[in-house]
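Open your viewer and set the display to cartoon, with side chains ready to switch on. We will go from one selection to the next, pausing at each stop.

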Amino acid sequence: MGNPHDCDVAVVGGGIVGLAVAYKIVTHHPALGVCVLEKEDSLASHQTGHNSGVIHSGLYYRPGSAKARMCTEGRRELIEFARDHGVPLRICGKIVVATEQRELPHMRRILDYARANGVEGIEEIAPERIRDIEPACRGIRGLHVPGTGIIDFTQVAGAFAELIRRSGEDNRILTGHEVVGFRRDGSRSMVVTRRGEVRARLVINCAGLNCDRVARLDGVHPGIRIIPFRGDYYDLTPQAAQKVRALIYPVPDPRFPFLGIHYTRKISGTVDCGPNAVFAFKREGYTKTAFSLRDTAASLGYTGTWILFARNARYGLHEYTRAISRRLFLRTLQRFIPTIEPQDIHPGKIGVRAQAVGPWGQTLDDFKIEAGEHAIHVLNAPSPAATACLAIGDHIRDLAAQRLGLTS
Ligand SMILES: Cc1cc2nc3c(=O)[nH]c(=O)nc-3n(C[C@H](O)[C@H](O)[C@H](O)COP(=O)(O)OP(=O)(O)OC[C@H]3O[C@@H](n4cnc5c(N)ncnc54)[C@H](O)[C@@H]3O)c2cc1C
């Protein structure tokens with residue numbers, strides 16, 4: 001780019017959240033020019049391209065929270081969008097399975113949350129019903145959630161990108177444009193990328209694992225730091241995959257923001273199981289040994305990380321041991337399907353979650369979106385943000401319209 005490219009809205013990050021936001025803006029405000037800036041050469045190459053691909057129903061989230069509201073609304077819209085635009089999805093339902101008595105109170109709390117959040121058709125089920133739904137699975141009680149589905153979020157992101165590109169020549173998606181700084185130019189922001197500058201009336205930061213850094217580049221103190229948590233998956237062999245019809249989840253540990261290792265029949269028909277959750281030494285590293293000095297120093301130089309570690313030392317150690325030991329991982333899987341054997345699993349993909357952590361070691365549970373005069377920063381968009389992306393897009397589109405003096 002020679003002269004700065006001019007636009008009304010610059011969206012930083014070409015993951016599913018940034019693309020959903022841009023799609024919502026170009027659809028509802030066609031007079032605005034939108035530019036998506038993505039640092040990689042392809043879109044959706046981080047969290048959006050490395051997740052479980054589950055369309056969540058909204059059962060885990062505290063009633064009244066942004067997650068609860070946006071998951072329920074976003075899920076509905078996502079299903080409609082996928083059907084309208086030819087993105088394959090399957091509403092296969094899922095079961096949440098308790099294998100020990102001590103899990104029952106939390107399982108029933110989830111059921112209460114689900115009912116308060118309007119999750120349709122959810123019911124508590126007995127062991128015989130668990131076997132009807134998933135013949136290879138064992139548990140003492142469970143929840144059946146018929147509305148949960150599966151999809152490929154990379155394909156959804158691709159469909160948004162296609163619609164943005166087709167919506168007009170003022171709307172652009174620039175890959176290979178890493179944002180490295182901002183400066184003010186009168187009433188505009190100059191977004192500095194490695195390939196030139198983009199002038200915008202409003203900036204929207206959807207940078208996922210780097211959202212705290214992009215906020216700081218813009219002079220905003222985010223009040224959190226992104227601490228990356230790696231999640232390893234194993235794939236089931238085609239023969240073992242026959243033991244899983246759809247989705248089998250554990251009752252999550254209420255002390256942590258992760259849903260626990262689950263079996264997922266993907267939209268492609270294969271079955272994977274995971275993810276665990278271990279501290280990662282690189283924000284965007286997809287091997288067990290990936291290391292970045294910059295990312296590790298950012299995490300370990302933050303008091304919140306140490307408080308989080310100190311509070312959860314036992315859990316962390318257990319997760320690490322399980323990350324190293326295939327035998328322990330297998331034992332977790334056998335809690336639900338006792339007939340899974342060592343030869344049934346082989347290492348699969350790896351994902352890294354962006355977990356926002358506060359200065360006192362608190363893991364932020366809800367979505368966090370901060371709107372200033374010139375910029376909107378998405379500072380926490382963990383699961384189920386892919387499911388909720390269109391509802392997040394609506395919310396940010398309205399914030400953007402207010403900032404730009406438009407009626408939404
Ligand atoms: C292991 C795992 C399993 C999950 N399972 C599910 C699930 O089943 N269902 C569900 O709903 N959610 C799930 N999630 C959560 C979901 O994937 C994320 O909430 C969602 O993808 C977040 O999207 P995003 O656009 O915010 O982030 P990302 O997809 O990470 O996109 C951020 C983008 O910003 C770009 N970027 C970063 N810095 C810059 C910069 N300086 N300049 C330009 N571009 C930049 C990155 O390259 C990236 O493309 C899961 C997540 C993980 C990790």
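**Around the ligand**

Select the residues surrounding the ligand in this predicted model: by class, this shell holds 17 nonpolar, 16 polar and 5 charged residues. Now narrow the selection. Of the 38 residues around the ligand, those that come nearest are Glu38, Thr48, Asn51, Ala381 and Thr387.

Next, show the backbone atoms of Ala381, where a polar atom sits 2.7 Å from an oxygen atom of the ligand. Move on to Ala386, which has a polar backbone atom 3.5 Å from a ligand oxygen. For a nitrogen atom of the ligand, turn to Lys39: one of its backbone N or O atoms lies 3.1 Å away. How much of the ligand does the protein bury? Taken alone, the ligand exposes 1000 Å², and the protein buries 97% of that. Colour H1 and strand S18 (345–357) here, as these are the elements that give two or more residues to the shell.

**Into the core**

Keep H1 coloured and select the largest nonpolar core, a set of 52 residues. Ile16, Leu19, Val156, Phe160 and Ile204 have the most contacts inside this core. Several elements give two or more residues to the core, among them strand S1 (5–12), helix H1 (16–28), helix H5 (153–166) and strand S12 (196–205). Which element supplies the largest share of the core? That is H1, with 9 residues.

For a last stop, centre on Leu19. Beyond its neighbours within four places in sequence, Leu19 is in contact with residues including Val36, Leu43, Phe160, Ile164 and Ile173.

Conventions:
Residues numbered from 1 in each chain as written. Predicted model: local features only at pLDDT ≥ 70, side-chain atom pairs only at ≥ 80, totals over all residues. Heavy atoms only, no water. Core = buried A, V, L, I, M, F, W, Y, C linked by side-chain atoms within 4.5 Å. Buried < 20%, exposed > 50% of the residue type's maximum accessible area, 1.4 Å probe, protein only. Helix = DSSP H or I, 4+ residues; strand = E, 2+ residues; numbered from the N terminus. Contact = heavy atoms within 4.5 Å. Near = heavy atom within 4 Å. Polar contact = N/O pair within 3.5 Å; in protein donor to acceptor, adjacent residues only side chain to side chain. Areas by Shrake-Rupley, 256 points an atom, 1.4 Å probe, with all protein chains shown as cover. Nonpolar A, V, L, I, M, F, W, Y, C, P; charged D, E, K, R; others polar.
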